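Got the viewer open? Let's walk through this one together, starting at a single spot in the chain and working outwards.

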Amino acid sequence: ILSLNEEDRGELKEFLRTTLQECASQFDDVDCLTETFSELSQNREVLHIIKEVMNTALKEATNSHVKGIIAKICKGLCDCGDPQDIATHVLPTLDFLANDADVFVQTSTVLAFAVMLQRCPGSLTQIRDQLDRFINTSVNNDVHVMMCELIDSFSAVLPLCSPNIQREFLIPRLATIGVSNSTIQNKTKRRDITERLVNAYKAILCSYITPDTIEHYVIPGLQALSTDCQEVLPDKQQTIEVMLREVMAKISPSKDNRSATAFGSKVSGFF
């Protein structure tokens, strides 16, 4: 699509609106739809039309399923769009969805916000603040599905993000989630989160980690995870012990005993 006249714009808008409406009403798997919207959004003029279509669909939406699909479309747009276009045209829609009363709709936006950590450096404060609200909601209200989505999303984007974002946001938040996991009374939920955190720490250990980050976040996070594994996921206990030995070898012995205390104060400050 090189350029569009007014008639073309109208026809494309109606086509996209109808396609979105029919897919939302007939299918649960909408990967093909999100991929199509992502490809078309490479044309900035079409991106404007997609935004109009999504906003109209949100106004007309009578169920959470449609809103969840729009969140998936937004994630696809974040994957390949220009950072400024994402901040201007996609972020407002995600903000609207993130404040929906339905937890399912809120959760459906988590991955898109996580992707924007890497794609939209100019909007980091807004993105980080929203992800922090999700973490608080998950911990304080025991929203298990959202917590799982946060861990999985952070794990997915961590290798792609800059060292600063890894060090200043992703690794500290994963450590915070890990420490909070010990307070969960439901063993099934605790086991589920523990298993996801094991995968998250595998991603962390494949990244460059500064000694300070190891001291204040990685070691305390792994220590909490080791306790969780011992109690609810014993088959992963040895894996975590190996990880702990690996990271402890990277810092001087004189710092090892300070890590838990230093981290504890930061967790209480975060919550």
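Find the loop between α8 (124-140) and α9: that's where D142 sits. Keep in mind that this is a predicted model, so treat what follows as a reading of that prediction. What is the sign of phi at D142? Phi there is positive, near 55°, and the residue is not a glycine. That's worth a second look because most residues other than glycine have a negative phi. As for cover, D142 comes out at 43% relative accessibility, so it counts as partly exposed: over the 20% limit for buried, but not over the 50% needed for exposed.

Carry on along the chain from that loop and you reach α9. Helix α9 covers residues 144-157, and helix α10 covers residues 163-181. A handy way to talk about such a pair: two packed helices are described by the angle between their axes and the distance between the axes. Here the axes come within 11 Å and cross at roughly 145°, and the crossing is left-handed. Which side chains should you click on? On the α9 side, the contact is made by M147, I151, F154 and V157. Facing them from α10 are F169, L170, R173, L174 and I177.

Now jump back towards the start of the chain. T93 belongs to helix α5 (residues 83-98). Is T93 buried or exposed? It counts as buried, because its relative accessibility is 4%, and the cut-off is under 20%. Setting aside neighbours within four places in sequence, T93 touches M54, N55, L58, I70 and C74.

For a contrasting stop, go to Q21 in helix α1, which runs over residues 6-26. Q21 has 45% relative accessibility and therefore counts as partly exposed. Its C-alpha atom is 7.8 Å from that of A57, although Q21 and A57 are 36 residues apart along the chain.

Time to zoom out. The protein has 15 helices and 0 strands, and its C-alpha trace spans about 70 × 35 × 30 Å along the principal axes. Of its 271 residues, 50% count as buried. Among contacts with a separation of 6 or more, 69% come from residues 24 or more positions apart. On the outside, the protein exposes about 12,900 Å², with carbon and sulfur atoms supplying 50% of that area. Finally, there are 26 positive and 36 negative charges, and their mean positions are 8 Å apart.

Note on methods
Residues are numbered from 1 along each chain as its sequence is written. This is a predicted model: local features need pLDDT of at least 70, side-chain atom pairs count only at pLDDT 80 or more; totals for chains, interfaces and linings use all residues. Side-chain values use heavy atoms; hydrogens and water are left out. Helices (H or I, at least four residues) and strands (E, at least two) are DSSP runs, numbered from the N terminus. Buried means under 20% relative accessible area, exposed over 50%, partly exposed in between (1.4 Å probe, protein chains only). Contact means heavy atoms within 4.5 Å. Accessible areas come from the Shrake-Rupley method with a 1.4 Å probe; for residues, only the protein chains shown count as cover. Lys and Arg count as positive and Asp and Glu as negative; His and the chain ends are not counted. The place of a charge is taken as NZ of Lys, CZ of Arg, CG of Asp or CD of Glu. Axes are lines fitted to C-alpha atoms, for helices over the stretch in contact, and angles run from 0 to 180 degrees between N-to-C directions. A crossing is left-handed if the near helix is turned anticlockwise from the far one by less than a right angle, and right-handed if clockwise.
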